[in-house]
Amino acid sequence: MSSSPALTARGSRLALLVVGLCWLAVLFDGLDMFIYGSVLPHLLETKTFGLTPDTAGDLGSYATFGMLVGALTAGTVADRVGRKKLMVGCVILFSLASGVCAMAGSVEVFGLGRTLAGVGLGGLLPTAISMVSDYAPRGRGAIVIGLLMTAHHAGGILSAYVAKWLIEPAGWRAAFWVCVLPLLFAPVLAKLLPESLSFLVAKGRTDEAHELAARYDVELPAAKSAKQGAADRWNALKNLFRGGEWTQTLLYWLASFGGLLLVYGVATWLPTLMRAEGYELGSALSFVVVFNLGGIVGMLVAGRAADRFGAPRISAIWFALTAAGVFLLSVHMPMSVTMVVVFLTGVFLNSAQTMIYATVSIRSDADNRATAVGWTSGMGRFGAVFGPWLGGQLLAANHGDWGFTAFAIAGLSSMVFIGIAALRSAKAAPRSADEELVGVH
């Protein structure tokens, strides 16, 4: 039975409200994530807190370690308090943590602020994706999630402009005070963002669910008959290692590790490494803008390419092109050529990791799919912690020229691992029409 025009229109209005609010929240998430990399060249040049490259790499890893903690705990916390409250709490946490960084008088306090910010950042993104998935119009989930992910890269662009506009006249602390401003958005989010209908139904809060559905003329999701228990989750994890599956699982995990090492290593060190290649600070920050513009384009085109040519093939090709682009950045080229290379690297780098998740999703059995993708993402986040640290160690050892090479090698390794995993796969499980591709960094 088709929906009435009024129901469709009002349901679309609710989807637009949810996507718009989540998009702004993820924009602030991206701003807070990328701001450290944008101000890092200035911090190193002025030796703020006596900062050295290896210490700077450690600080970059603190935030990604916090993101690991936030991502791993977000699902459990959301199941208890609701997705809406968790999103509001994450925005408050990373905003206040940026205030800690802005007021820090020592590297230890600054590191604490970045770690706490990471917890909020890591918890927000998967929760926002879950929210927009709940309210996306039928059959539009993938494109809505892709649109949401563009906000993260828009935040990266904003971070570069904040650094360019504020560091010279007001100092690096002003950039982190800007990252406190999303605190003003938290009450707006709390007032306007509806709770997840799936959460309300699962918790038996049917009156609230019916009231919200009636207000916007949308249908309630069906109540699930039973909740997966701890034993079921443990069995799903063990299934990833039964028979010959353990080899496939480890290949996916290694590919994800290299992919996120590359993503967060480049995100943290791109401006600093470009400064080391002889570019002015303003030009180095412009590269951040172009890189994230490429990320937005990549997020919008990767899914379509995967649908046409297959996610495993696109993942391997994307990583190969990323490795080539990252390696070329170690060569001092004319500015126009460098900008093109940075843009194309952003296109491929920021969506190559998403294609790993797509591959795992496609090649996994339906009963194991969520577990397989979740653990592939979780193992990859250890690479996210390692990437910023690695860049700092190379610079500290006066091997900054090897920074881009090391990240390029990580991209090639992911290409090899995902390629072997795809070739070893005995069969490609067909995806149902209702399944969506989700890319979470």
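Student: In which helix does His 42 lie?
Tutor: This is a predicted model. Position 42 falls within residues 5–45, the range of H1. His 42 therefore lies in helix H1.

Student: Is His 42 buried or exposed?
Tutor: Buried means under 20% relative accessible area. His 42 has 15% relative accessibility. That value is under the cut-off, so His 42 counts as buried.

Student: Which residues does His 42 touch, not counting residues up to four places away in sequence?
Tutor: Set the sequence neighbours aside, up to four places away. What His 42 then touches is Ile 167 and Trp 172.

Student: What kind of aromatic pair do Trp 172 and Phe 176 form?
Tutor: The ring centres are 5.9 Å apart, with 85° between the planes. Planes over 60 degrees apart count as edge-to-face. The pair of Trp 172 and Phe 176 is therefore edge-to-face.

Student: Trp 172 and Phe 176 are both in helix H6, so what separates them in helical turns?
Tutor: Helix H6 covers residues 172–178. An α-helix has 3.6 residues a turn. Trp 172 and Phe 176 are four residues apart, so the separation is about one helical turn.

Student: What is the relative accessibility of Phe 176?
Tutor: Its partner Trp 172 counts as buried at 7%. Phe 176 counts as buried too. The value for Phe 176 is 0%.

Student: Which residues form one aromatic cluster with Trp 172 and Phe 176?
Tutor: The model has eleven aromatic pairs. Trp 172 and Phe 176 make one of them. The cluster also takes in Tyr 36, Phe 49 and Phe 110.

Student: Where is Phe 49 found, and what is its phi near?
Tutor: Phe 49 is found in the loop between H1 and H2. Phe 49 is partly exposed, with a relative accessible area of 26%. Most residues other than glycine have a negative phi. Phi of Phe 49 is positive, near 60°.

Student: Is Lys 47 buried or exposed?
Tutor: Lys 47 lies in the loop between H1 and helix H2. Its phi is also positive, near 55°. The relative accessibility is 59%, and the cut-off is over 50%, so Lys 47 counts as exposed.

Student: How many salt bridges does the structure hold, and which residues meet there?
Tutor: Side chains of opposite charge can pair when their charged atoms come close. The N to O distance here is 3.2 Å. The structure holds one salt bridge, between Asp 32 and Arg 114.

Student: How many residues apart in sequence are the parts that this pair ties together?
Tutor: Asp 32 lies in helix H1, residues 5–45. Arg 114 lies in helix H4, residues 107–135. Both Asp 32 and Arg 114 are buried. The pair therefore ties together parts that are 82 residues apart.

Student: Which residues touch the most other members of the largest nonpolar core?
Tutor: This core has 126 residues. Its largest share, 18 residues, comes from H1. The residues touching the most other members are Cys 22, Met 87 and Phe 407.

Student: How many residues are in the second, separate core?
Tutor: Among its members are Ile 157, Ala 160, Val 288 and Val 289. The second core has five residues.

Student: Which residue of H13 is in contact with Phe 407?
Tutor: Leave aside neighbours within four places in sequence. The contacts of Phe 407 then include Leu 261, Trp 269, Val 326 and Leu 390. Helix H13 covers residues 311–328. Among its buried residues is Val 326.

Student: What span does H13 reach from its first C-alpha to its last?
Tutor: H13 has 18 residues. At 1.5 Å a residue, 26 Å is expected. The span in the model is close to that, at 25 Å.

Student: Which cysteine sulfur is nearest to that of Cys 101, and how far away is it?
Tutor: The count of disulfides is zero. Cys 101 counts as buried at 0% relative accessibility. A disulfide needs sulfur atoms within 2.5 Å. The nearest sulfur is that of Cys 179, 8.8 Å away.

Student: How many helices and strands does the chain have?
Tutor: Buried residues make up 54% of the 441 residues. The secondary structure comes to 16 helices and zero strands.

Conventions:
Residues are numbered from 1 along each chain as its sequence is written. This is a predicted model: local features need pLDDT of at least 70, side-chain atom pairs count only at pLDDT 80 or more; totals for chains, interfaces and linings use all residues. Side-chain values use heavy atoms; hydrogens and water are left out. Helices (H or I, at least four residues) and strands (E, at least two) are DSSP runs, numbered from the N terminus. The expected span of a helix is 1.5 Å times one less than its number of residues. Buried means under 20% relative accessible area, exposed over 50%, partly exposed in between (1.4 Å probe, protein chains only). A salt bridge is a side-chain nitrogen of Lys or Arg within 4 Å of a carboxyl oxygen of Asp or Glu. A nonpolar core is a set of buried Ala, Val, Leu, Ile, Met, Phe, Trp, Tyr and Cys residues joined through side-chain atoms within 4.5 Å. Contact means heavy atoms within 4.5 Å. Rings of Phe, Tyr and Trp (its six-membered ring) pair if their centres lie within 6.5 Å; planes under 30 degrees apart count as stacked, over 60 as edge-to-face and the rest as tilted.
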